[in-house]
Amino acid sequence: TIANLTGKTGVNSINKDEKSNFRFHGKVTEANAISGVYVKILAEDAGAATPTVPTAPAGKVTNAKTWTDAGWKSANTTQSEWNIYQNFKANGEEGDALAEGKYKVYVYGVDTAGNVSTIATKAFEVDMAAPESNFEGISSDFSKANVTLRGSVSETYGVESFTIKYTKDGEAQADIAMPAKAGAWTKEFSEDGLYAFTLEIKDKAGKTFTSSTKEITIDKTAPTAVFTSPAEADSGNWFNNGTIKFVVKVTDKNISTVEANYKTKNAEGNEVESDYQTFSKVPEKEDEYQGTLSLSDTGKDNPVTVNVKMTDKAGNVGNKAYSLFIDSVKPVINVTDNTHISSAEKTLKYMGSSGITVSGTASDAAPGSGDITVTIEQSHKSAAADAVYGTAETATVVVTNGAWSKKLPLTGSPEEGSYRFKLTVKDPAKNENSTVYYYTVVDTTAPVLKITNPIAASGNTFAVINNVYPKIEGTITETTALKNIYYKFVKGE
């Protein structure tokens, strides 16, 4: 008795597993002695009619030649078991082995008395080639659109599983189970990130195809940036130097180029635009780029617009604008009130108990950045020989139509000693111009006069003068300086 073969269920596939010589074996039950076991392996074409089951040959069945002449192969046999080896090859390979495909093995056993067993059979498939798939859809390192992977699975006898394994930004993601079948396939990915894809396909015989890993970065987002120098908040303000280093912090880690140009209007009012200038990466700063632009002075109604253009490796373009005005010319301030000032010495004259009022002019030269600001800084020291100037106080002076005026001292009443004043003018571009220090001496005490000649005799109110040209003499006490002495003769009664 020859038992039907047992083994894998289902398609009963045989995996090459680096071998091409397969062993078929089974059981024999015989009470006396076995003459031989004979095997045929016949292809089963799914497109053909069911093949006829081969029968035992006629003639002397205990003679092995009778079987082999009829196309049967003699198996190795013992009293209880039999086996035989058969070579197979992949389709298209050279050699005498059987090509991979669907087969059925037929087995007869004969005892020494010439009794032939019933036939035992087993259907199986031989799958010598692993599945394969081309892997397309990635033609560059970066994409600014969705990426569609595509390919076609080649497998003759059945796909058990098809999986796309991938990482995103270095993190492993859940495997994607694709339809387990041969033929064309596609899979789309849309989220931004760095992807690494690997295909893994297993056929029903257990053979596995693993593709090489392909990487691509999906980047559909345009770069953005903020200005770190000059500060973002200063956009739209005045600057007093046209040579400006701009620094931007870019949010895109896949930057290809950062460049900048500027637009303004010429003297005729026509817009002009510069060429783009490439920015360089700030040392030790992965996301910061810098470049220096040389800009000309502007007027109040003619800003310069700097545009930083960022292009990432996927081809996305982002722009960041910065508006500014340039005024590199210092404003001018003058003191014009010569009543209280010695202009050659830059020294204010004496200040009495009522103080003084000083006036002058202030202007902002072309191109002019707008309203100017005048301040007066004041400090005081006493009349003592070892005195020094104390803490300064400052006041803002209103400029009207280019003229200004201010009562000094800034606060309170004049104090004995001297004052030091500094006049400063600033424009919105922070250009600054200051005068030299002006000094003034405070004197709130009237001079003391005394007549020493002529002197009235004792007991008399009036001195008697008998000279046509009398000489009048006296003394004066003054802490600062004497301006004039005035006298008058009044005829008495």
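This passage describes a predicted model of one protein chain, from its overall make-up to some individual residues.

The overall picture comes first. The protein chain holds one helix and 41 strands. Of its 493 residues, 35% count as buried. About 28,500 Å² of the protein chain is exposed, and carbon and sulfur atoms supply 47% of that area. Contacts across the sequence are also informative: among those in the protein chain with a separation of 6 or more, 65% are between residues 24 or more positions apart.

A good place to begin a closer look is strand β17, which spans residues 193–203. Two leucines of this strand can be followed in turn. Leu199 is found in β17, and its relative accessibility of 0% falls under the 20% cut-off, so Leu199 counts as buried. Leaving out residues up to four places away in sequence, Leu199 touches Ser133, Asn134, Phe135, Phe162, Thr163, Ile164, Trp185, Phe209, Thr210 and Ser211. One of these residues, Phe209, is 10 residues from Leu199 along the chain, and the two C-alpha atoms are separated by 7.7 Å.

Leu194 also has its place in strand β17, but this leucine has a relative accessibility of 37% and counts as partly exposed. Beyond the residues up to four places away in sequence, Leu194 touches Thr167, Lys168, Asp169, Glu215, Ile216 and Thr217. Thr167 lies 27 residues from Leu194 in sequence, with a C-alpha to C-alpha distance of 7.9 Å.

The loop that follows brings in a charged residue. Lys207 lies between β17 and β18, the latter covering residues 208–210. Is Lys207 buried or exposed? With 9% relative accessibility, which is under 20%, Lys207 counts as buried. The side chain of Lys207 reaches the backbone oxygen of Asp127, at a distance of 2.7 Å.

Another buried residue with polar partners is found in strand β23, residues 255–265, where Asn261 lies. The relative accessible area of Asn261 is 2%, and because buried means under 20%, Asn261 belongs to that class. Two partners of the Asn261 side chain can be named. One is the side chain of Glu273, with which Asn261 makes a polar contact at 2.7 Å. The other is the backbone oxygen of Ser274, reached by the Asn261 side chain at 3.2 Å. Setting aside neighbours within four places in sequence, Asn261 is in contact with Glu273, Ser274, Asp275, Tyr276, Thr305, Val306 and Asn307.

The backbone has some notable spots of its own. Most residues other than glycine have a negative phi, and most peptide bonds are trans. Against that background, two cis bonds and two positive phi values are described here. The peptide bond from Ser229 to Pro230 is cis, with omega near -10 degrees. Pro230 lies in the loop that connects β20 (225–229) with β21 (238–239). A cis peptide bond also joins Leu408 and Pro409, where omega is about 0 degrees. Pro409 is found in the loop between β36 (403–408) and β37 (417–426).

The positive phi values belong to Glu284 and Asn401. Glu284 is not a glycine, yet its phi is about 65 degrees. This residue is found in the loop between β26 (280–281) and β27 (288–294). The relative accessibility of Glu284 is 85%, over the 50% cut-off, so Glu284 counts as exposed. For Asn401, phi is near 50 degrees. Asn401 lies in the loop between β35 (393–397) and β36, and its relative accessible area of 82% makes Asn401 exposed as well.

The last feature is an enclosed space. Rolling a probe the size of a water molecule over the atoms shows where empty space is left. How many cavities of 30 Å³ or more are there? The count comes to one, and the largest cavity has a volume of about 50 Å³. Which residues line the largest cavity? The lining consists of Val335, Leu348, Val358, Leu408, Phe421, Leu423 and Tyr438. By class, these residues divide into seven nonpolar, no polar and no charged. Leu408 thus appears in two parts of this account, since this leucine lines the largest cavity and is joined to Pro409 by a cis peptide bond.

Key
Residues are numbered from 1 along each chain as its sequence is written. This is a predicted model: local features need pLDDT of at least 70, side-chain atom pairs count only at pLDDT 80 or more; totals for chains, interfaces and linings use all residues. Side-chain values use heavy atoms; hydrogens and water are left out. Helices (H or I, at least four residues) and strands (E, at least two) are DSSP runs, numbered from the N terminus. Buried means under 20% relative accessible area, exposed over 50%, partly exposed in between (1.4 Å probe, protein chains only). Contact means heavy atoms within 4.5 Å. Accessible areas come from the Shrake-Rupley method with a 1.4 Å probe; for residues, only the protein chains shown count as cover. A polar contact is a pair of N or O atoms within 3.5 Å; within protein, one must be able to donate a hydrogen and the other to accept it, and residues adjacent in sequence count only if both atoms are side-chain atoms. On a 1 Å grid over the protein atoms alone, a cavity is a set of points where a 1.4 Å probe fits but cannot get out, and a pocket is an open set with protein on both sides within 12 Å along at least five of seven lines; lining residues have an atom within 4 Å of a point. Grid points are joined across faces, edges and corners, and a volume is the space filled by probe spheres set on the points. Ala, Val, Leu, Ile, Met, Phe, Trp, Tyr, Cys and Pro count as nonpolar, Asp, Glu, Lys and Arg as charged, and the others, Gly among them, as polar.
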